[in-house]
Amino acid sequence: MGFFRTLLIFFIFYCVFKFVLRPFLEAAQKKPAEKPNDQIPSLTDKIVPCPTCGTYNPTKQALFADGNYYCNLACVAGKKQETN
Ligand SMILES: [Zn+2]
């Protein structure tokens, strides 16, 4: 029975190492997948003032109309009413 006992001990050790090392191996594999460069465009995004109310907004969220960036549709309509 000595051989089977040794085999069983090796199997238990294999299972323990598999469960213990799996989270570390998965964490190590996930790290290279992260792309820190994706955060740079949002940080370098232009912040422009709304011509109507003066609120500063990023160009991605602002509404582009008549050559200016507005914070919302109400400001676009308000600016048009002022000019007319
Ligand atoms: Zn506005």
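## Close-up views of a predicted model

**View 1. Helix α1 has a bend of about 35° at leucine 21.** A proline, proline 23, comes within four residues after that bend. This is a predicted model, and α1 covers residues 2–30. How far apart should the ends of this helix be? At 1.5 Å a residue, its 29 residues should span 42 Å, and the end C-alpha atoms are indeed 42 Å apart, so the two values agree. Is α1 buried or in the open? The number of buried residues among its 29 is zero, so the helix lies largely in the open.

**View 2. The whole chain has three helices and four strands.** Start at the N terminus and you'll meet the elements in the order α-α-β-β-β-β-α. Buried residues make up just 8% of the 84 residues in the chain. Now take the contacts between residues at least 6 apart in sequence: 9% of them join residues at least 24 apart.

**View 3. Seven residues make up the largest nonpolar core.** Here's the full cast: Cys50, Ala62, Tyr69, Tyr70, Cys71, Cys75 and Val76. Which elements give two or more residues to this core? They are β4 (68–70) and α3 (73–83). Zoom in on Tyr69, one of the core residues. Leaving out residues up to four places away in sequence, tyrosine 69 touches Val48, Cys50, Asn57, Thr59, Ala62, Leu63 and Phe64.

**View 4. Leucine 63 sits in strand β3.** Leucine 63 counts as partly exposed because it has 15 C-beta neighbours inside 10 Å, while 20 or more would make a residue buried. What does leucine 63 touch, not counting residues up to four places away in sequence? The list is Tyr69, Tyr70, Asn72, Leu73 and Val76. Cysteine 50 is 13 residues from leucine 63 in sequence, and their C-alpha atoms are 9.3 Å apart in space.

**View 5. Aspartate 66 has a positive phi, near 55°.** Why point that out? Most residues other than glycine have a negative phi, and aspartate 66 is a residue other than glycine. You'll find aspartate 66 in the loop between β3 (63–65) and β4. Is aspartate 66 buried or exposed? Aspartate 66 is exposed, as there are 10 other C-beta atoms within 10 Å, and a residue with 12 or fewer falls in that class.

**View 6. Asparagine 72 is in the loop between β4 and α3.** Asparagine 72 has 16 other C-beta atoms within 10 Å, so it is partly exposed. Look for alanine 62 in this view too: 10 residues along the chain separate it from asparagine 72, yet the two C-alpha atoms are 6.9 Å apart. Asn72 also turns up among the residues that leucine 63 touches, which links this view back to View 4.

Terms used:
Residues numbered from 1 in each chain as written. Predicted model: local features only at pLDDT ≥ 70, side-chain atom pairs only at ≥ 80, totals over all residues. Expected span 1.5 Å × (residues − 1). Bend = angle between axes of the 7 residues up to and from the residue. Contact = placed C-beta atoms within 7 Å. Core = buried A, V, L, I, M, F, W, Y, C linked by C-beta atoms within 7 Å.
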